[in-house]
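Subject: A structure for you, with some notes

Hello,

Here is the structure I promised to pass on. Please open it next to this message, and my notes will follow below.

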Amino acid sequence: MRLGNHLRRCRFEHNEISQQALANAVGVTRLTIHSIEKGKFVPSALLAFKLARFFGKSVEDVFYLIDDDQEISGEL
Amino acid sequence: MKRAFSITNGLALFFALVSIGWLIFDFFAFGILRSKMRRLEILTPADATLANFVWLGLVVFLLSHIVAFIAIAAQFQKFRKASVLRVLALLLSIVSCVMILGDFACISDIGNDYEKGAVAELEFRVLYRIAEIRGIIFFAIIANLIEAFLQRRKTRTDENVIKDEVVLTLVHSVGVFCGIAGLVFANAAFVIKIAHPLLYFTFPFLFALTLIPYAFLAGYWIFLKLKEKSADWYDEKQFQDISKAGLLSMLVTVPFLAMIYIANYNAPKGPIDILWFPYYLYFVMLVFSSASLYFSWRD
């Protein structure tokens, strides 16, 4: 089971905010945001909540679970 | 941030210009001293003062390179990308810093030979070549500093960065370079200890000079982090990357050190002798830095 996310879409809907600006808002580096977006790094619960709060959404609206046998399609 | 950039780059430019001036002085001083030494004339107090200023020049060059390391780190931090000139200035600066040992050895040899009534022609020729190479390196550093000042004017609307990864990445990159250089020197010391036991004792200076770029860049990074709580020095991904790199370093370097231990077991005064420390230090530096870079770029 893996963690998917809608971060890219959320950034787009949030006036196309840059990765750096988002990183500044939640107190991480730009590389961390980039890795989360790419699905290569799984954020802690605290960071996930911070990101969701920044976009004014619930955590489930930003992050979702992907079963191992499930294709990643919706997000891409 | 703006002040750090202006101060470090301004200082680096000042020191680079002073160093160029000092190099020109060195050429004149070498010429005067060489002609007198060739004729085996007794050196006057004025000549001794000239020689002392040549020695002092080595300290100025060292300071100049240290300031240049920090200035280049501040450039990376500000512009957040590498230019060819910036990377070149950094690498050449490291090379020139290590070359100070060459000056040191040549000047010492010249003095020793003169006391014995001989002329160290070869050492003078090496000194001239080193000075020429160093001149080119200082021009490259100055070109980089001027480029940075011009670039700063063009990029006034740069985005503010709260949590930075650029300086840490630079520290790791220099760690890889210095780690490789240190291992090359450790191997050279291993060979030279067998062939020329006396020369071998110059290597601690070489090892110390190889550490300087890494130590000052790491020191700059720590200086930047001092205003934060230690728990905030890394974000969670950086912490994960560093942890993985630390674990990998331990897994790789402990067997490496065990190999050195076994090789040294029956010959404690053999060729490896005290070289276990530089071998271990630079190997750890190389593995830890390259693993940190790999994990931060891969994920």
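Which residues of chain B form a nonpolar patch on the surface? They are B:L247, B:L248, B:M250, B:L251, B:V252 and B:V254, with about 530 Å² of accessible area together. Patches are made of residues with over 30% relative accessible area and no salt bridge, where like charges are joined within 9 Å and nonpolar side chains (Val, Leu, Ile, Met, Phe, Trp, Tyr) within 5 Å. Accessible areas come from the Shrake-Rupley method with a 1.4 Å probe, and for residues only the protein chains shown count as cover.

Before going on, a word on the ground rules. This is a predicted model, in which local features need pLDDT of at least 70 and side-chain atom pairs count only at pLDDT 80 or more, while totals for chains, interfaces and linings use all residues. Residues are numbered from 1 along each chain as its sequence is written, chains are lettered from A and ligands numbered from 1 in the order in which they are written, and side-chain values use heavy atoms, with hydrogens and water left out.

**Helix α7 of chain B**

B:L247, one of the patch residues, lies in helix α7 of chain B. Helices (H or I, at least four residues) and strands (E, at least two) are DSSP runs, numbered from the N terminus. With 30 residues (236-265), α7 should span 44 Å at 1.5 Å a residue, and its end C-alpha atoms are 42 Å apart, which agrees. That expected span is 1.5 Å times one less than the number of residues. At the start of α7(B), the backbone nitrogen of B:K237 has a side-chain oxygen of B:D235 within 3.2 Å. The buried residues of α7(B) include B:I242, B:A245, B:F256 and B:I260; buried means under 20% relative accessible area, exposed over 50%, and partly exposed in between (1.4 Å probe, protein chains only).

**Elsewhere in chain B**

B:A131 sits in helix α4 (residues 121-154) of chain B. B:A131 counts as buried because its relative accessibility is 4%. Leaving out residues up to four places away in sequence, B:A131 touches B:L23 and B:F27, where contact means heavy atoms within 4.5 Å.

Helix α4 also holds B:E121, and B:R34 is in helix α1 (residues 2-38) of chain B. These two form a salt bridge, with the closest N and O atoms 2.8 Å apart. A salt bridge is a side-chain nitrogen of Lys or Arg within 4 Å of a carboxyl oxygen of Asp or Glu. B:R34 is buried, at 14% relative accessibility.

**Chain A**

Chain A has 5 helices and 2 strands, in the order β-α-α-α-α-α-β along the sequence. Of its 76 residues, 41% count as buried. Chain A exposes about 4,400 Å², and carbon and sulfur atoms supply 53% of that area.

Which side chain meets A:E37 in a salt bridge? The partner is A:R11, at 2.5 Å, N to O. A:E37 lies in helix α3 (residues 30-37) and A:R11 in helix α1 (residues 7-13), 26 residues apart. A:R11 is buried, with a relative accessible area of 7%.

The side chains of A:E13 and A:K57 also meet in a salt bridge (3.4 Å, N to O). A:E13 lies in helix α1 and A:K57 in the loop between α4 (45-54) and α5 (59-62), so the pair ties together parts that are 44 residues apart in sequence. A:R9 joins A:E13 and A:K57 in a network of salt bridges.

Best wishes

Terms used:
A polar contact is a pair of N or O atoms within 3.5 Å; within protein, one must be able to donate a hydrogen and the other to accept it, and residues adjacent in sequence count only if both atoms are side-chain atoms.
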